[in-house]
Amino acid sequence: MAFDGITIANITKELHDTLLGGRIYKIAQPESDELLLTIKSNGNQYRLLLSADASLPLVYLTEKNKPSPLTAPGFCMLLRKHLQNARITAITQPGLERIIHFHLEHLNELGDLCQKKLIVEVMGKHSNIIFCDENDHIIDSVKHISAMVSSVREVLPGRPYFIPKTQDKYNPLRFSNQYTQGDASLFLKTTEDSVPLSYVNLCAHMREKPMPLYKALYSTYTGLSPIIAQEICFRASIDADMPANVLEEAALSSVYETLTAMMEQVAGGNFSPVIVYDRGNHARTPIEFAALPLTLYADKESESFLCISEVLERYYAEKSTVTRIRQKSVDLRRIVQTALERNVKKYDLQLRQMKDTEKKDKYKVYGELINTYGYNVEPGAKSMEALNYYTNETVTIPLDDTLTPQENAQKYFDKYGKLKRTYEALSELTIQVKEEIEHLESILTALDIAMQEEDLTQIKEELVESGYIRRKGGSKKAKITSRPFHYVSSDGFHIYVGKNNLQNDELTFKFATGGDWWFHAKQMPGSHVILKTEGAEVPDRAFEEAARLAAYYSKGRGQDKVEIDYIQKKQVKKPAGAKPGFVVYYTNYSMAIDTDISGLTQLS
């Protein structure tokens, strides 16, 4: 994720445009390392979240409130004492550092006007929220950092505040010996000791670094994340993994022009926040965000936003949802995977045993031929030759020299009978195990489709009903609140998609009517898709869109094309005693379709 200096610049500009001149109305500290400020500005009320969480530091505007502890922490009480009703006079970012300065003005107990700073450092595990006086001396901070913890800088009351120079990086905003353009000077503050960005300097810096170009960029210039460095290389049409120290002047010139153009965007405050999504594993998963368009993800789905706060709030909320669902599905997936592996091994063994039974007819023929021609066999013979009257070929039959011909014939008949019984038993067992494998594979597909906790609840209920999970003594059947996906086709037809086998059965045999159309991926696990007709004639485009949904919500999701069977619902039958989601049909239409459902409107 690109929570870098450019993203901070976007946040700073947004806060500057929204909160400048506003007054701090409420101060809360919901978590030990988090502040929630309520600010009144330009007749509106805003909530500003400031988090110094080591794993997820954040700064953004939000409409959501968070409960606070009954007793406010000491840092919160200190801020209330000094900053209640304080006015925000400026919001700035030093260079492209991941730091935001809130310049505040308030009246002290004597009625004198005082200046303070609330500094938010968004630096991973080193993140902090620091409260300083007008002379940049620390009054207090969310996290106290002593000399025992850090030899670079102490963050303690009374110590001077400064930005530690832990890395030799240059400020890319100082291009062409200028620092800012447009309105950026209002929220971007220069660090004059930084070497200006120029073509000559860039060449010198790159030739000193025998590492991939994108790494050389973000390790040389402040505020660039790995993803932004890769974006610069992509826009410059240079391989990001090329060693920086071997690039020719033409390539370095292209990199310089691209980097300068990007810095001009940042300096001018021309941001275009985006979230990039991946639709792998049936889920629309956020994979990256940035304050500028990410053209290197041209093959992914990208959604643009007006403000970076909405990007941050949505990205981390969706990312958290996907992560939480994956974590909660781990136990269910393990149960299903273990059962699946066990059944696959059983099925392979049964197939090998079935192959061995192919000899049964040969043994039956041997017995018959011995009975027919055995009178010519001499005592103690180890084999005999006879004409197979079924094929008119001469065969050599092995004999046990300690047995009579009649006993040898009976021995072959016994082998035939044993293999015949094995074949009959395995013929039924292999069908059962094959159905069990298909059932378990369909549950794995349902786990991939699951987007909410209630979806997992219904899958767990199916596993309980199938005997893979024991229902705890006295516990009642889980309440099911999960509902099928609901889409609308381009022509206004409603399409429903089952998320699991129980929903598939309900959709097909309780919800759909005889004239509705039923879709399913051919010979692979997947969702039942119902296209509601309401008695109207269905256009070809609606059929194609329903087929795309059936392809997308199937095991064939990653294929270019998936073959889809479709038929009127009245032709779909469920055999007695069949597994959930299992159906049969005998006459159907088919089409090969892609899995692109981006043009469909999802209602739920």
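In this predicted model, Cys 307 is partly exposed, because its relative accessibility comes to 25%. Cys 114, by contrast, counts as buried, with a relative accessibility of 16%. Neither cysteine takes part in a disulfide, as the structure holds zero of them. For Cys 114 the reason is one of distance: the closest cysteine sulfur belongs to Cys 132 and lies 15 Å away, which is too far for a bond, given that a disulfide calls for two sulfur atoms within 2.5 Å.

Just after Cys 307 in the numbering comes helix H7, which runs over residues 308-356. Its 49 residues span 67 Å from the first C-alpha to the last, close to the 72 Å expected at 1.5 Å a residue. The helix is nevertheless kinked, with a bend of about 40° centred on Val 330.

Further along the chain, Tyr 375 sits in the loop that links helix H8 (360-373) to strand E14 (383-388). This tyrosine counts as exposed because its relative accessibility is 65%, and the cut-off for that class is over 50%. Another tyrosine, Tyr 589, follows 214 residues later along the chain, and the two C-alpha atoms are separated by 62 Å.

Turning to empty space, the second largest pocket has a volume of about 670 Å³. Helix H9 (405-449), helix H11 (501-511) and strand E18 (517-521) are the elements that each give two or more residues to its lining. In total, 30 residues line this pocket, and those nearest its centre are Glu 438, His 520, Met 524, Phe 582 and Val 583. H9 provides the largest share of the lining, with seven residues. Sorted by class, the lining of this pocket comprises twelve nonpolar, ten polar and eight charged residues.

Closed space is found as well: a search of the whole structure gives one cavity of 30 Å³ or more. The largest cavity encloses about 60 Å³. Helices H9 and H11 reappear here, each supplying at least two residues of the cavity lining, and H9 again gives the most, with four. Among the residues that line this cavity are Ser 442, Thr 445, Ala 446 and Ile 449, together with Gly 498, Lys 499, Asn 500, Asn 501 and Asn 504. Gly 526, Ser 527 and Tyr 553 also belong to the lining. By class, the cavity lining divides into eight polar residues, three nonpolar and one charged.

Methods: Residues numbered from 1 in each chain as written. Predicted model: local features only at pLDDT ≥ 70, side-chain atom pairs only at ≥ 80, totals over all residues. Heavy atoms only, no water. Expected span 1.5 Å × (residues − 1). Bend = angle between axes of the 7 residues up to and from the residue. Buried < 20%, exposed > 50% of the residue type's maximum accessible area, 1.4 Å probe, protein only. 1 Å grid on protein atoms, 1.4 Å probe; cavity = no way out; pocket = protein on both sides within 12 Å on 5 of 7 lines; lining within 4 Å. Points joined across faces, edges and corners; volume = space filled by probe spheres on them. Nonpolar A, V, L, I, M, F, W, Y, C, P; charged D, E, K, R; others polar.
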